[in-house]
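Please read this report with the sequence and the model side by side. The text goes from the whole chain to single residues.

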Amino acid sequence: MRQGFKQLIIGFLFVFLKIQIIVDILPDFIGYIFIYNGIKQIATLSSQSYDKLKILCIVLAIISVPNFFLNDQMIQQIEWLKHYPSLLALVKIVLVYYLFILLLGVAKLLPTDEALFRTNRMFTWYMVIMLSTSLTQSFFMNISMNISIPLMIIVIIASFIIELTFLIYLRNIQKQFPKDSVIEKFV
């Protein structure tokens with residue numbers, strides 16, 4: 001189980017960090033492959049279905065390939081790619097939604113209800129902040145600059161904080177499971 005969470009953390013780090021030197025050093029599509037492997041291990045060990053997550057990971061891995069080659073300025077210059085970052089963000093939110101459903105099942109495997117409570121709380125906060133971030137972006141162009149710039153800064157900071165909190169949450173849940181046994185290493 002710990003190995004699956006490790007794969008999730010590495011995958012979300014690849015997706016979260018964007019270091020652009022000619023191409024993206026940490027490509028998103030590799031991150032989604034890590035996420036898929038982590039989901040597969042966690043779902044298998046917790047006896048849960050992960051069909052929707054599998055499809056979403058494959059779709060995100062495929063549609064995030066152009067992100068490897070294109071920087072943000074190039075995306076804004078090409079007319080038909082202007083909505084590409086928003087599409088990626090929305091599909092990622094759907095992926096995280098189904099991941100939280102999987103994690104709720106995993107949290108029930110732990111002996112205390114604390115992990116279940118933290119998973120529910122993290123799920124609520126993540127969805128509220130990320131959905132509100134995605135929905136408010138379309139309204140910023142219709143608001144005066146005096147109001148939109150401070151709101152954009154707040155939205156960016158909130159998104160950054162919730163993404164970091166999500167990574168910390170995954171690490172904390174990983175720590176609650178014992179070291180991988182011999183059986184888990186072969187799954």
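The secondary structure of the protein consists of nine helices and two strands. Helices (H or I, at least four residues) and strands (E, at least two) are DSSP runs, numbered from the N terminus. Read from the N terminus on, the order of the elements is α-β-β-α-α-α-α-α-α-α-α.

This is a predicted model, in which local features need pLDDT of at least 70 and side-chain atom pairs count only at pLDDT 80 or more, while totals for chains, interfaces and linings use all residues. Residues are numbered from 1 along each chain as its sequence is written, and side-chain values use heavy atoms, with hydrogens and water left out.

**Overall form**

Along the principal axes, the C-alpha atoms of the protein fill a box of roughly 55 × 35 × 25 Å. The radius of gyration is taken over C-alpha atoms, and the globule rule is 2.2 Å times the number of residues to the power 0.38. For 187 residues, a compact globule would have a radius of gyration near 16 Å, and the 18 Å of the protein agrees with this.

The protein exposes about 10,900 Å², and carbon and sulfur atoms supply 70% of that area. Accessible areas come from the Shrake-Rupley method with a 1.4 Å probe; for residues, only the protein chains shown count as cover. Of the 187 residues, 40% count as buried. Buried means under 20% relative accessible area, exposed over 50%, and partly exposed in between (1.4 Å probe, protein chains only).

Contact means heavy atoms within 4.5 Å. Among contacts between residues at least 6 apart in sequence, 73% join residues at least 24 apart.

**The nonpolar core**

In soluble globular proteins, nonpolar side chains tend to be buried together. A nonpolar core is a set of buried Ala, Val, Leu, Ile, Met, Phe, Trp, Tyr and Cys residues joined through side-chain atoms within 4.5 Å. Which residues touch the most other members of the largest nonpolar core? They are Phe5, Ile39 and Phe166, out of 46 residues in this core. The elements that give two or more residues to the core are helix H1 (2-16), H2, H3, helix H6 (84-107), helix H7 (114-136) and helix H8 (145-175). H6 gives the most, with 12 residues.

Leaving aside neighbours within four places in sequence, Phe166 is in contact with Phe12, Val96, Leu99, Phe100, Met122 and Tyr126. Leu53, which has its place in helix H3, is in contact with Ile39, Leu95, Tyr98, Leu99 and Leu102, again leaving aside neighbours within four places in sequence.

H1 has 15 residues and should span 21 Å at 1.5 Å a residue; its end C-alpha atoms are 21 Å apart, which agrees. The expected span of a helix is 1.5 Å times one less than its number of residues. The buried residues of H1 include Phe5, Leu8, Ile9 and Phe12.

**The loop between H2 and H3**

Ser46 and Ser47 can be read as a pair. Ser46 is found in the loop between H2 and H3, and Ser47 is in the loop between helix H2 (28-45) and helix H3 (51-63). Buried or exposed: which word fits Ser46? Ser46 counts as buried, because its relative accessibility is 12%. Ser47 is exposed, because its relative accessible area is 69%.

A polar atom of the Ser46 side chain lies 2.8 Å from the backbone oxygen of Ile42. The side chain of Ser46 also makes a polar contact with the side chain of Gln48 (3.1 Å). A polar contact is a pair of N or O atoms within 3.5 Å; within protein, one must be able to donate a hydrogen and the other to accept it, and residues adjacent in sequence count only if both atoms are side-chain atoms. Leaving aside neighbours within four places in sequence, Ser46 is in contact with Met1, Leu102, Val106 and Leu109.

Most residues other than glycine have a negative phi. The phi of Ser47 is near 55 degrees, a positive value in a residue other than glycine.

**Accessibility in H7 and H3**

| Residue | Helix | Relative accessible area | State |
|---|---|---|---|
| Phe117 | H7 | 53% | exposed |
| Arg118 | H7 | 16% | buried |
| Thr133 | H7 | 8% | buried |
| Leu53 | H3 | 3% | buried |

Not counting residues up to four places away in sequence, Arg118 touches Tyr169, Asn172 and Gln176. With the same residues left out, Thr133 touches Val155 and Ser159.
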